[in-house]
Amino acid sequence: MSDNGNGLRLEGRKLVVTGGARGIGYAIARAATRAGAAVALIDLEQASVEEAATKLRSEVNGAEVVTEVCDVSSYEQVSGAERALEARWGRTDTLVNNAGIAHHAPAETMSVAEWDRMLQVNLSGVFYCSQVFGVPMIAAGSGAIVNIASMSGLIVNRPQPQVAYNVAKAGVIMLTKSLAAEWAPHGVRVNAVAPGYTRTDLIEHLVDTDMCRDYWIGGTPLGRMGSTDEIANSVLFLASDAASFVTGETLVVDGGYTLW
Ligand SMILES: NC(=O)c1ccc[n+]([C@@H]2O[C@H](COP(=O)([O-])OP(=O)(O)OC[C@H]3O[C@@H](n4cnc5c(N)ncnc54)[C@H](O)[C@@H]3O)[C@@H](O)[C@H]2O)c1
């Protein structure tokens, strides 16, 4: 029996993580394989998702990793990925909706295309994947979904203007509660993790800025950014049977940022 070090196990699980080629998604995939799950990495580009799968197999001895190329903002592509996985390994029982994009733009000048893209990837994509992978879970009477929201779904971050991101992530939190209520009778739990500032490619180009030092780290009671593994550990808890009586919850993992 494998153990991720925290006593949480996912033996026998088939877990899909969207945006799994890097960052938080990759760390989730690594934690899940260490906990005994077979993992499917879904991402935009064949080369990067294959590279990530190879890296994961080398990092975790015996890891069972498959890949699918899919843009989560396309319902057709999500359906295609689910069908391909169904043919490959049967029913997916655990879904982590992690794929997301970030974009800073003032509300008064943001284009309609920028707004639409943000909502399409960060909110509609979560719904599409939840429905497509959720239907077979409902039919089987069990499943677990974990959505990666953000503390930006709860508060307005400073100083960057990011109205569309904030709105999309607030939507993910309410989507989580709504699906949890609708699908609880079917044995499907739906929860979310709301990360604070976490060091990944999404924000790497901003790490050495005054904005990051003064506002992001300065505004975090624990005085640092989070690591991808710290986010992955919370996802693992919510996905595992250790959280069997938890549904509709958003676990904030932000070093205390939302306290101030
Ligand atoms: N990094 C942070 O500080 C932070 C904080 C709060 C929430 N989050 C959330 O965590 C999640 C992961 O963020 P990250 O920092 O690891 O980002 P990242 O940019 O490092 O990785 C995101 C991954 O998602 C993939 N992706 C993007 N759009 C996609 C699409 N349409 N379809 C499929 N895959 C797609 C990318 O190719 C990439 O591999 C996002 O939902 C993000 O909003 C991140």
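This passage describes the strand order, the helices packed on the sheet and the ligand shell of a predicted model.

The model contains an open sheet of 7 strands, whose order is E3-E2-E1-E4-E5-E6-E7 and whose pairing is parallel. The edges are formed by strand E3 (65–69) and strand E7 (250–253), each of which pairs on one side only. Direction ignored, neighbouring strands of this sheet are turned by 20 degrees against each other on average.

Within this order, strand E2 (38–43) can be followed through its pairing with E1 and with E3. E1 and E2 are joined in the parallel sense over 5 bridges, and in this pairing Lys14 has Ala38 of E2 as its bridge partner. E2 and E3 likewise run parallel and are joined by 5 bridges, with Ala40 standing opposite Val66 in E3. The connections between these strands are of the β-α-β kind: E1, helix H1 (residues 23–34) and E2 make a right-handed unit, and a right-handed unit is also made by E2, H2 and E3. Elsewhere in the sheet, strand E5 (residues 143–148) and strand E6 (residues 188–195) run parallel and are joined by 6 bridges, and the bridge partner of Ala144 in E6 is Arg189.

The burial of E2 is consistent along the strand, in that 6 of its 6 residues are buried. Both of its faces are covered, with Ala38, Ala40 and Ile42 buried on one side and Val39, Leu41 and Asp43 buried on the other. Ala38, the partner of Lys14, and Ala40, which stands opposite Val66, thus both belong to one covered face of the strand.

Two helices can be placed relative to the strands that they cross. Helix H2 (residues 46–59) lies across E2 and E3, and its direction makes an angle of about 170 degrees with E3. Helix H8 (residues 228–239) lies across strand E1 (14–18), strand E4 (94–97), E5, E6 and E7, running at about 165 degrees to E6.

The ligand is surrounded by 28 residues, of which Gly19, Gly23, Gly100, Thr200 and Leu202 are the closest. Among the elements that contribute to this shell, H1, helix H4 (112–140) and helix H6 (201–204) each supply at least two residues; H1 is also the helix of the β-α-β unit that it makes with E1 and E2. Divided by class, the shell around the ligand comprises 13 nonpolar, 11 polar and 4 charged residues.

Notes. Residues are numbered from 1 along each chain as its sequence is written. This is a predicted model: local features need pLDDT of at least 70, side-chain atom pairs count only at pLDDT 80 or more; totals for chains, interfaces and linings use all residues. Two strands pair if DSSP finds at least two bridges between them. Helices (H or I, at least four residues) and strands (E, at least two) are DSSP runs, numbered from the N terminus. Axes are lines fitted to C-alpha atoms, for helices over the stretch in contact, and angles run from 0 to 180 degrees between N-to-C directions. Two residues are in contact if their C-beta atoms, placed from the backbone, lie within 7 Å. A residue is buried if 20 or more other C-beta atoms lie within 10 Å of its own, exposed if 12 or fewer, and partly exposed in between; C-beta atoms are placed from the backbone. A crossover is right-handed if, with the strands pointing away from the viewer, the path from the first strand over the helix to the second runs clockwise. A residue is near a molecule or strand if its C-beta atom, placed from the backbone, lies within 6 Å of it. Ala, Val, Leu, Ile, Met, Phe, Trp, Tyr, Cys and Pro count as nonpolar, Asp, Glu, Lys and Arg as charged, and the others, Gly among them, as polar.
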